[in-house]
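Me: I am new to this structure and would like to go through it step by step. Could you show it to me first?

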Amino acid sequence: MDKVNEQLKQAIGSEKVFDQEPMKKHTTFRIGGPADLFVVPETIEDIKTTCQIAKEHNIPLFVLGNGSNLLVGDHGIEGIVLQIYKNLSQISVEGDQIHVQAGALLSSVSKTALKEELTGFEFAGGIPGTFGGAVVMNAGAYGGEMVQVLKEVTVLTQEGEVETIKASELELGYRTSNVLQNGYVVLSGVIELKKGKKEEIKAQMDEYALARKTKQPLEFPSAGSTFKRPEGYFAGKLIQDAGLRGYQVGGARVSDKHCGFVVNQENATAADVMQLIEDVQNKVKEQFGVLLEPEVKRIGRF
Ligand SMILES: Cc1cc2nc3c(=O)[nH]c(=O)nc-3n(C[C@H](O)[C@H](O)[C@H](O)COP(=O)(O)OP(=O)(O)OC[C@H]3O[C@@H](n4cnc5c(N)ncnc54)[C@H](O)[C@@H]3O)c2cc1C
């Protein structure tokens, strides 16, 4: 790892490479041990170089956005974590289309849409992820989903090529896509919206923001909905009906406000969250015969 560290620092600049960086600083759960190497690229070239070096040395590479859908293990992440975030977050508008770099936050994209009086992206304003993470997850809320607005994405392929791919080729489904399977790094993309009225767009965004504030435990660190919505049910309702509101393992707790959220109540470890997820799954399965599937991605060494 020392050799890779040296090579990376020389190739892209030592100020962009961090050793043993605590992942709890980069996840909304505020949980996670250190990444062996944490890289903060400033250009597409930096991304390309980092991927190439990882490949050359056969070292695992994990692409991180805002870490808002992740549970990182207490013993950290082996290899390189490549964070595509603030340095690569340009947004520009061309007619009804918005061109977005992967590191831009969805909240910034929706503010741009509002400013330009473009409708169709109101649903995403309160999702705390980056554009890249939202493409991977086909993020959605309040009846909207990335698949409805995404036109194309530009990715770095495993072969080191930059390619533009139509959204229809990404197999965007309920909180999934084929981006990771294909080994793509999302660099940017284009969403296509419609002309709308500023007051109406603003009113819709305000309504969704208020709904989140009222219903979701935004006052505690979390990774959003812990489980996917099982067909025909709501995860939160099942958990509530199983009597698990406020159920706690160590510092991790089923939110009192919304049972679909596991929150980091008090210095929770990843092990606490894992145990709590397992307990919830077992109890819900026992009582209702439904297996809850985690939406939160588990990464690293547990
Ligand atoms: C309070 C709260 C509310 C939430 N509400 C919602 C909601 O309403 N709807 C919803 O869908 N989600 C919601 N989420 C979950 C989360 O915000 C989304 O899944 C979001 O899309 C994740 O984006 P991210 O940048 O944080 O990705 P990360 O969590 O950093 O990563 C998620 C996955 O995407 C991959 N990835 C990230 N960037 C790239 C890239 N550039 N190229 C390739 N792969 C990449 C990662 O490797 C990882 O596999 C919520 C989370 C929180 C904390």
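Me: Which helix supplies the largest share of the shell around the ligand?
Reply: This is a predicted model. Strand 3 (61-64), helix 4 (131-137), strand 9 (140-141), strand 13 (185-192) and strand 15 (222-225) each give at least two residues to the shell around the ligand. The largest share, 5 residues, comes from helix 4.

Me: How many residues of the shell around the ligand are charged?
Reply: There are 36 residues around the ligand, and V63, G65, S68, T130 and G140 come nearest. The shell divides into 19 nonpolar and 14 polar residues, and the charged ones number 3.

Me: What percentage of the accessible area of the ligand does the protein cover?
Reply: Polar atoms of the protein approach the ligand at several places. A backbone N or O atom of N66 lies 2.9 Å from an oxygen atom of the ligand, and a polar side-chain atom of S68 lies 2.6 Å from an oxygen atom of the ligand. At G140 a polar backbone atom is 2.6 Å from a nitrogen atom of the ligand. On its own the ligand has 980 Å² of accessible area, and the share covered by the protein is 95%.

Me: Which residue in strand 5 stands opposite L64?
Reply: Side chains alternate along strand 3: L61 and V63 point to one face and are not buried, while F62 and L64 point to the other and are buried. Strand 3 runs parallel to strand 5 (residues 77-83), and 4 bridges join them. The residue opposite L64 in strand 5 is Q83.

Me: Is H26 buried or exposed?
Reply: H26 sits in the loop between strand 1 (17-22) and strand 2 (34-39). Apart from neighbours within four places in sequence, H26 is in contact with E21, F38, L64, N66, G67 and Q83. Because its relative accessible area is 15%, and the cut-off is under 20%, H26 counts as buried.

Me: Which residue has a side chain joined to that of H26 by a polar contact of 2.8 Å?
Reply: The contacts of H26 beyond four places in sequence include L64 and Q83, and these two stand opposite each other in the pairing of strand 3 with strand 5. The polar contact of 2.8 Å is between side chains, and the partner of H26 in it is E21.

Me: Which residue in strand 7 is the bridge partner of S92?
Reply: Strand 6 (residues 91-94) and strand 7 (residues 97-101) run antiparallel and are joined by 4 bridges. Their hairpin has 2 residues between the strands, and G95 there takes a positive phi near 60 degrees. The bridge partner of S92 is H99.

Me: Which residue just after helix 3 takes a positive phi of about 60 degrees?
Reply: Helix 3 (residues 106-115) has L106, V109, S110, T112, A113 and L114 as its buried residues. These pack against strand 6, strand 7, strand 8 (118-119), helix 4, strand 13 and helix 6 (198-215). Just after the helix, the residue with a positive phi of about 60 degrees is E117.

Me: Which residue has the backbone oxygen that the side chain of N178 reaches at 3.1 Å?
Reply: N178 lies in the loop between strand 12 (162-166) and strand 13, and it counts as buried at 6% relative accessibility. Not counting residues up to four places away in sequence, N178 touches E169, L170 and E171. The backbone oxygen reached at 3.1 Å is that of E169.

Me: In the open sheet of 4 strands, which are the edge strands?
Reply: The order of the sheet is 15-18-17-16, with antiparallel pairing. An edge strand pairs on one side only, and the edge strands are strand 15 and strand 16 (248-249).

Me: Which residue in strand 18 is the bridge partner of V254?
Reply: Strand 17 (residues 252-254) and strand 18 (residues 261-264) pair in the antiparallel sense over 3 bridges. Within strand 18, the bridge partner of V254 is V262.

Me: How far apart in space are Q281 and L291, C-alpha to C-alpha?
Reply: Q281 is in helix 8 (residues 270-288) and counts as buried at 16% relative accessibility. Leaving out residues up to four places away in sequence, Q281 touches F227, L292 and P294. Q281 and L291 are 10 residues apart in sequence, and their C-alpha distance is 6.3 Å.

Technical notes: Residues are numbered from 1 along each chain as its sequence is written. This is a predicted model: local features need pLDDT of at least 70, side-chain atom pairs count only at pLDDT 80 or more; totals for chains, interfaces and linings use all residues. Side-chain values use heavy atoms; hydrogens and water are left out. A residue is near a molecule or strand if one of its heavy atoms lies within 4 Å of it. A polar contact is a pair of N or O atoms within 3.5 Å; within protein, one must be able to donate a hydrogen and the other to accept it, and residues adjacent in sequence count only if both atoms are side-chain atoms. Accessible areas come from the Shrake-Rupley method with a 1.4 Å probe; for residues, only the protein chains shown count as cover. Ala, Val, Leu, Ile, Met, Phe, Trp, Tyr, Cys and Pro count as nonpolar, Asp, Glu, Lys and Arg as charged, and the others, Gly among them, as polar. Two strands pair if DSSP finds at least two bridges between them. Buried means under 20% relative accessible area, exposed over 50%, partly exposed in between (1.4 Å probe, protein chains only). Contact means heavy atoms within 4.5 Å.
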